[in-house]
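Work through the exercises below with the sequence and the model side by side. Try each task before reading its solution.

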Amino acid sequence: MDANIRVRIKHTLGHFTLDVDLSLPASGIIAITGPSGSGKTTLLRCIAGLEQAQGDDNCISFADQIWLQGSKQSIKTEQRPLAYVFQESSLLPHLTVAENIDYAAKRSRRRNCEPLGAQARAHIIKLLDITALLAQSPEQLSGGERQRVALARALIANPQVLLLDEPLSALDMERKQEILPYLEEVGKVFSGPILYVSHAMDEIARLADHLVILQAGRVLDEGPLASTLMRVHKPIIWGDDVMSVLQGQVALRDEDFYLTRIDVDGSPFWLRGLDKNLATEQRIQVLARDISVAVAEPGPSSIVNCIVCELESIFPPERGEVLLRLRLPRSEQRLLASITAKSLQQLALIEGQTLWAQIKSVALLK
Ligand SMILES: Nc1ncnc2c1ncn2[C@@H]1O[C@H](COP(=O)(O)OP(=O)(O)OP(=O)(O)O)[C@@H](O)[C@H]1O
């Protein structure tokens, strides 16, 4: 892994101490999650330089730039080549949307960011679909529109690192669904790392490439999304939404039955719908509670997905529920299934045995 963002911080605020040592990838969406008060915003604020972390061992660097080195060297927020978007965007109320964007673009030079050319700016305006909003003032915009403008403004400043602190949390579910595709697009076009604070697992599963889990100011776990999800920090993060995220390719489109087949290292997963093109990469999500397991090949069933797996590990029971980690054949990818402790006993499951995972529902991600 490229260790292009290095963050080693010990920083105390009142009764809280953030104590992290992270090497994060140089690109992609890096989700930072954890319970309320675990230090997600404080971490982002330290990276942005909005929080002055004191201490000789502290360091923050990006690529070959050192942003903070002990108490000797610190580059001011305004000079770090980054942009951030918060829960509620802070557009300047007396300027129009276009003027807000211009203002941010002009300030970008001070941040050591190269100003974008007219063509690149037009592309971002199109990408976030804000052409019709340019003449409006911020108070005329809906919450979702404001966040789209805030994202455009951040991108037009042409930062090398993008910090997003719960950019969707002030939006209702409908607005959130509207804006998620734009964030996906931003994830594709932005070449540097995007640090994305969120505690919504649906957003993280859909958007993130890498996951950092904080608990009480420390890093509980960290790594590529799919494998970090497999390590399960259940009560801390997921509640009932324990899930697997798998990467596959669109292998077949069955027009007669309105189904699409995604192959994950050779294992077929069928989903309803036909809106994905053949041979494209596709991420899918399977909730642990949507899987049941059988110890012999099941007979005919209305469940279309039945995948042969190896039972790799059995997690300790918790309130009558047991999680199983299932390995797909000839693959490094895994599924998590949730069954009752009673079923575990009745089926006399042991690690290493072959199981048939019947999956009630598979969802497409990005
Ligand atoms: N200026 C401050 N002075 C004292 N304590 C602070 C200060 N800022 C934050 N804290 C404390 O630091 C802890 C971490 O806060 P932070 O906002 O980073 O958490 P978070 O994980 O982002 O939480 P949430 O999900 O609720 O936004 C909290 O206990 C908070 O009360």
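Three exercises follow, on a loop residue, a sheet and a ligand shell.

The model is predicted: local features need pLDDT of at least 70, side-chain atom pairs count only at pLDDT 80 or more, and totals for chains, interfaces and linings use all residues. Residues are numbered from 1 along each chain as its sequence is written.

**Exercise 1.** Locate V304 and classify its exposure.

Solution. V304 sits in the loop between β16 (291–294) and β17 (305–314); strands are DSSP runs of E with at least two residues, and helices are runs of H or I with at least four, numbered from the N terminus. Next, count neighbours: 17 other C-beta atoms lie within 10 Å of V304. A residue is buried at 20 or more, exposed at 12 or fewer and partly exposed in between, with C-beta atoms placed from the backbone. V304 is therefore partly exposed.

**Exercise 2.** Give the strand order of the open five-stranded sheet and identify its edges.

Solution. The order is β14-β13-β12-β15-β21, with antiparallel pairing; two strands pair if DSSP finds at least two bridges between them. β14 (267–272) and β21 (363–364) are the edge strands, each pairing on one side only. Antiparallel strands β13 (residues 259–264) and β14 are joined by six bridges. T260 has L271 in β14 as its bridge partner.

**Exercise 3.** Sort the residues of the shell around the ligand by class.

Solution. The shell includes G34, K40 and H199, a residue being near if its C-beta atom, placed from the backbone, lies within 6 Å. Ala, Val, Leu, Ile, Met, Phe, Trp, Tyr, Cys and Pro count as nonpolar, Asp, Glu, Lys and Arg as charged, and the others, Gly among them, as polar. The result is two nonpolar, nine polar and one charged. Helix α1 (residues 40–48) gives the largest share of the shell, three residues.
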